[in-house]
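Please walk through this structure with the viewer open, one selection at a time. Each stop says what to pick and what is there.

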Amino acid sequence: MELVAAYRQGSESAATELVLRHGRALGRYLYAAGADPGEIEDLVQESFFKAFRALSGWRGEASFRGWLFRIGANLRKDQYRRIGGRVTVPIEDHEIADVADPEGEMGANDMEKRLREGLVSLPRLQREVFLLRAQQGMGYEEICAALGTTAGAARVHYHHAVKRLKDLMQ
Amino acid sequence: MTDDHIEADRLVELAANGVLPTAAEDGHLAACADCRLERQLLSSARRLGTDAVLALDPAVVAARVRERLAGAPAPVAAWHRPKRWLTMLAAAAVLLFVVRLSLPERHAVPAATVLNELDGLSSEELEVVLATIPATALSVPRIDEMPLSELTADDLERVLRSMEDL
């Protein structure tokens, strides 16, 4: 919040610091939500641009991080609509079997690939709550402020998401 | 830990780097496939996307964002955007228009009744009645019979005024 206040008072270095602090985490969040890896940088840049532009009218009900991630998720949703609801899960270099460790490494990567596919298939709120909680480590108070829901509802969404993802992993 | 499983919030903690389970939790994880799967799922979620953002340089992103902010016009508060006002007004007018069309007209006189009353009039009398109707009224088509796209600003205003009488 201090950085946000500093930015509002005209500090450009505060803007840089906010991007350095949250940029990669936002990129990981967007990737997990199904964003194409080639478009993550543009989405992150656009999210910060929109956030900084709207910061003067922001009332601070949620944390800056939660608010920023919400903006990113909305941009991701718009992108998803533009491409007609298609999500590509690319075969990346690290997903090619490592002959030196065929069991461990491949198992973890396979799990991540299936997790991402599972996340994309979840209803939006379940996916967002799960990622904010499990990937970003946010507490329910921060999550519900960011998503405009209640802590109880967020817990229910999280519970359903975990159950469905576990079913997909088995 | 509950009687059956490790609590969900604790499993989230255990998925974070550097947090180790207690001996009791360790024993439970060894025996409980469900908790083990959930912990594995959460650990995967923690790592998810790490490789995908390796190429992302936040310093470069920050520089680009600052550049764009410097070149962008000052943001205007949402309520002060004239286009938004006009869009909202037009949307409200269309909505009211549609609602009006869907409501049964009050005090409407059945067409047959009107015709019955006119039946008793002679041609000359009908001419007199016709002369009492202003020429402009005869030349203007009914608004509710026109496509929305053909309504002018004046037409929309008439529609809005008629809504006030509802």
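Start with chain B, where buried residues make up 23% of the 166 residues. Keep in mind throughout that this is a predicted model.

**Stop 1: chain B alone**

Show chain B as a cartoon. Nine helices and zero strands appear, so the pattern read along the sequence is a run of helices, α-α-α-α-α-α-α-α-α, by the DSSP assignment. Now turn on contacts within chain B. Of those with a separation of 6 or more, 52% join residues 24 or more positions apart. Switch to a surface view: the accessible surface of chain B is about 11,800 Å², and carbon and sulfur atoms account for 60% of that area.

**Stop 2: where the two chains meet**

Bring chain A back and select the residues in contact across the boundary. The selection holds 42 residues of chain A and 36 residues of chain B. About 3,700 Å² is buried between the two chains, with 63% of that area from carbon and sulfur atoms.

What is the count of residue pairs in polar contact between chain A and chain B? There are 18 such pairs, with both residues at pLDDT 80 or more. Next, color the helices of chain A that touch chain B. Helices H2 (12–32), H3 (40–54), H5 (104–121), H6 (124–135) and H8 (151–169) of chain A each supply at least two residues to that side. H2(A) gives the largest share, 12 residues. Color the same side of chain A by residue class, and it divides into 22 nonpolar, nine polar and 11 charged residues.

**Stop 3: salt bridges between the chains**

Eight salt bridges are counted between chain A and chain B. Select A:Glu41 and B:Arg64 for one of them; their side chains meet with N to O at 2.5 Å.

For another, select A:Lys166 and B:Asp34, whose side chains form a salt bridge at 3.2 Å, N to O. This pair runs from helix H8 of chain A to helix H3 (residues 33–47) of chain B. Is A:Lys166 buried or exposed? A:Lys166 counts as buried because its relative accessibility is 9%, under the 20% cut-off. B:Asp34, at 30%, counts as partly exposed.

**Stop 4: salt bridges within chain A**

Over all chains the salt bridge count comes to 18. Go to helix H2 of chain A and select A:Glu17 and A:Arg21, which lie four residues apart, about one turn of the helix. The closest N and O atoms of this salt bridge are 3.8 Å apart. A:Glu17 is partly exposed at 31% relative accessibility, whereas A:Arg21 is exposed at 53%.

Move to helix H6 of chain A and select A:Arg124 and A:Glu128, again four residues apart, about one turn of the helix. Their salt bridge has its closest N and O atoms 2.7 Å apart. A:Glu128 is buried, with a relative accessible area of 4%. A:Arg124 counts as partly exposed because its relative accessibility is 24%, between the 20% and 50% limits.

Finish by adding A:Arg70 to this selection. Which residues do salt bridges with shared partners join into one network? The members are A:Arg70, A:Arg124 and A:Glu128.

Technical notes
Residues numbered from 1 in each chain as written. Chains lettered and ligands numbered in written order. Predicted model: local features only at pLDDT ≥ 70, side-chain atom pairs only at ≥ 80, totals over all residues. Heavy atoms only, no water. Buried < 20%, exposed > 50% of the residue type's maximum accessible area, 1.4 Å probe, protein only. Contact = heavy atoms within 4.5 Å. Areas by Shrake-Rupley, 256 points an atom, 1.4 Å probe, with all protein chains shown as cover. Buried area = accessible area lost by both parts, 1.4 Å probe. Salt bridge = Lys/Arg side-chain N within 4 Å of Asp/Glu carboxyl O. Polar contact = N/O pair within 3.5 Å; in protein donor to acceptor, adjacent residues only side chain to side chain. Nonpolar A, V, L, I, M, F, W, Y, C, P; charged D, E, K, R; others polar.
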